[in-house]
Amino acid sequence: MRGVVLLGLLGVLGGCGGMDGGDQKQAVTVTEVPLAYVMRSLPRDEDGELAVSSLEAPADFQAGARLMVRGSVSSRSEAQDISTPLLGAGHDIRDLSVSYDGQRLLFAARAPAIEDADEDEQPTWNLWEYDFRGQATRRLISSDLLAEEGQDRYPAYLPDGRIVFSSTRQRQARARLLDEGKPQFYPLEEGRDVSAFALHVMQPDGSDIQQITFNMSHDVAPLVKADGRVVFLRWDNKDNEDRFDLYRVNPDGTALTPLYGAESHALTDDTRREFLPLSFMGDGRLLTAIRLRETAAGQMEPVAIDIGNFVNREGPLFGRVAGQAEQALPGPDTTLTGDISVTGRMADLVSLNDGTGRYLMAWSPCRLQDGAVLR
């Protein structure tokens, strides 16, 4: 599959419920809602192979993304490039998150590397907010010096207006080292080659940054529940473990508990599953997608996880009626591997939360190049 362009969060509407006509709700058309998405060409590495972002390397950079905004969910609505006039060309844009009132949008952005600059002088991931009403964009941490103190990604709004995000700042972790009479340093993940990401909370103006999780590896992709609790992915990368499990924590860092996934990652003897992206469905289940860590195919399959009743695929919570932990959702009949998928490939999805059980997905049709002919 060549020459395919993936549009983050722009795609086809698919139903999350049963496909039987008698049980299926009538489709609801939503047109007067703004739509934001990331548009990029397929990123490739130095060898020309497809480069897919990895949870193991949240600070990685892939040039050539643009934040696009449409005034409505309609193919006739004109798309406006928000990021290029503000930031310039060549940036990487990720992690879109909408406010509870639907009027503001958080995203993470990073500028291209500076040629011949030292590592500590290179750009870092920063967090930005776009106001749909005023059509204005601002960096959450206005000070250049403070903004470059760490890599900041995965922002999300808390119900009280504060923002939870994942970062390498880890001020509290370094303060603990100082209290123990040890030299301060940025904590590294278990592989000792990249800085570890942990969850932090800050005020809307970028002040009062507080670290709320402490982990030897990455804590990433926070998703806020309606009650304010934060669901996130934790890299358990110690001893013989190497997996991203779902955890839950209060926004003040208390009540940290495993949520789902400890024994749910093996697909075959040689392949492991991971879950991303994350969003909540109207019935409380977690809408996510299964990806394979061993392939760079950039493919996923949608699934709904019953996190209220299960801790893993085969383990319902004590006293709960056994049922189905994971439900495969309708969508393109695709493959998780790097093989040709004649029905196309899915790259992203998010719950619409409009009462219909539908989700919005980024999907690319299959286009095969036979010599110089694109078929």
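In which strand is Asp245 found? Keep that question in mind as we go through these close-ups of a predicted model.

**Figure 1. Overview of the protein that the close-ups are taken from.** Welcome to the whole chain before we zoom in. The protein has 375 residues, and 45% of them are buried. Its secondary structure includes three helices and 27 strands. Among contacts with a separation of 6 or more, 54% are between residues 24 or more positions apart. The exposed area comes to about 18800 Å², and carbon and sulfur atoms supply 49% of that.

**Figure 2. Asp245 and its two polar side-chain partners.** Here is the reply to the opening question: Asp245 is found in strand S16, which covers residues 243-249. With a relative accessibility of 4%, Asp245 counts as buried because that value is under the 20% cut-off. The side chain of Asp245 makes a polar contact of 2.5 Å with the side chain of Arg243. A polar contact of 2.6 Å links the side chain of Asp245 to that of His265. Setting aside neighbours within four places in sequence, the residues in contact with Asp245 are Phe232, Leu233, Arg234, Asp236, Tyr260, Gly261, Ala262 and His265. So His265 appears both in this contact list and as a polar partner of Asp245, and 4% relative accessibility puts Asp245 itself among the buried residues.

**Figure 3. Val220 and the residues around it.** Is Val220 buried or exposed? Val220 is buried, as its relative accessible area is 0%. This residue sits in strand S14, which runs over residues 219-224. Not counting residues up to four places away in sequence, Val220 touches Leu55, Pro58, Tyr154, Ser166, Phe197, Leu199, Phe232, Leu233 and Phe244. One of these partners, Pro58, is 162 residues from Val220 in sequence, while the C-alpha atoms of the pair are 8.1 Å apart in space. If you have just come from the previous view, you can find Phe232 and Leu233 again: both touch Val220, and both are in contact with Asp245.

**Figure 4. Phe280 and its partners from other parts of the chain.** Phe280 lies in strand S18, residues 273-280. Its relative accessible area is 14%, so Phe280 is buried. Which residues is Phe280 in contact with, leaving aside its neighbours within four places in sequence? They are Leu223, Val224, Lys225, Val231, Arg285, Leu286, Ile307, Ser351 and Asn353. Follow the chain from Phe280 to Ser351 and you pass along a separation of 71 residues, yet their C-alpha atoms are 6.6 Å apart.

**Figure 5. Arg291, Glu274 and the cis bond before Pro277.** Arg291 is found in strand S19, residues 286-292. A relative accessible area of 11% makes Arg291 a buried residue. Its side chain joins that of Glu274 through a polar contact of 2.7 Å. Beyond its neighbours within four places in sequence, Arg291 is in contact with Ser53, Leu55, Arg272, Arg273, Glu274, Leu276, Gln299 and Met300. Look at Leu276 in that group: a cis peptide bond joins Leu276 to Pro277, with omega at about 0°. Pro277 is found in strand S18.

**Figure 6. Two aspartates with a positive phi.** A short reminder helps with this view: most residues other than glycine have a negative phi. Asp95 is not a glycine, but its phi is positive at about 65°. Asp95 has its place in strand S6, residues 92-98, and counts as buried at 17% relative accessibility. Asp208 also has a positive phi, about 50°, without being a glycine. This aspartate is found in the loop between strand S12 (198-202) and strand S13 (210-211). Asp208 is partly exposed, with a relative accessible area of 46%.

**Figure 7. The second largest pocket and its lining.** How many residues line the second largest pocket? The lining is made up of 23 residues, and those nearest the centre are Glu119, Thr124, Gln151, Thr168 and Ser195. The volume of this pocket is about 580 Å³. Sorted by class, the lining has nine nonpolar, seven polar and seven charged residues.

How values were computed: Residues numbered from 1 in each chain as written. Predicted model: local features only at pLDDT ≥ 70, side-chain atom pairs only at ≥ 80, totals over all residues. Heavy atoms only, no water. Helix = DSSP H or I, 4+ residues; strand = E, 2+ residues; numbered from the N terminus. Buried < 20%, exposed > 50% of the residue type's maximum accessible area, 1.4 Å probe, protein only. Contact = heavy atoms within 4.5 Å. Polar contact = N/O pair within 3.5 Å; in protein donor to acceptor, adjacent residues only side chain to side chain. Areas by Shrake-Rupley, 256 points an atom, 1.4 Å probe, with all protein chains shown as cover. 1 Å grid on protein atoms, 1.4 Å probe; cavity = no way out; pocket = protein on both sides within 12 Å on 5 of 7 lines; lining within 4 Å. Points joined across faces, edges and corners; volume = space filled by probe spheres on them. Nonpolar A, V, L, I, M, F, W, Y, C, P; charged D, E, K, R; others polar.
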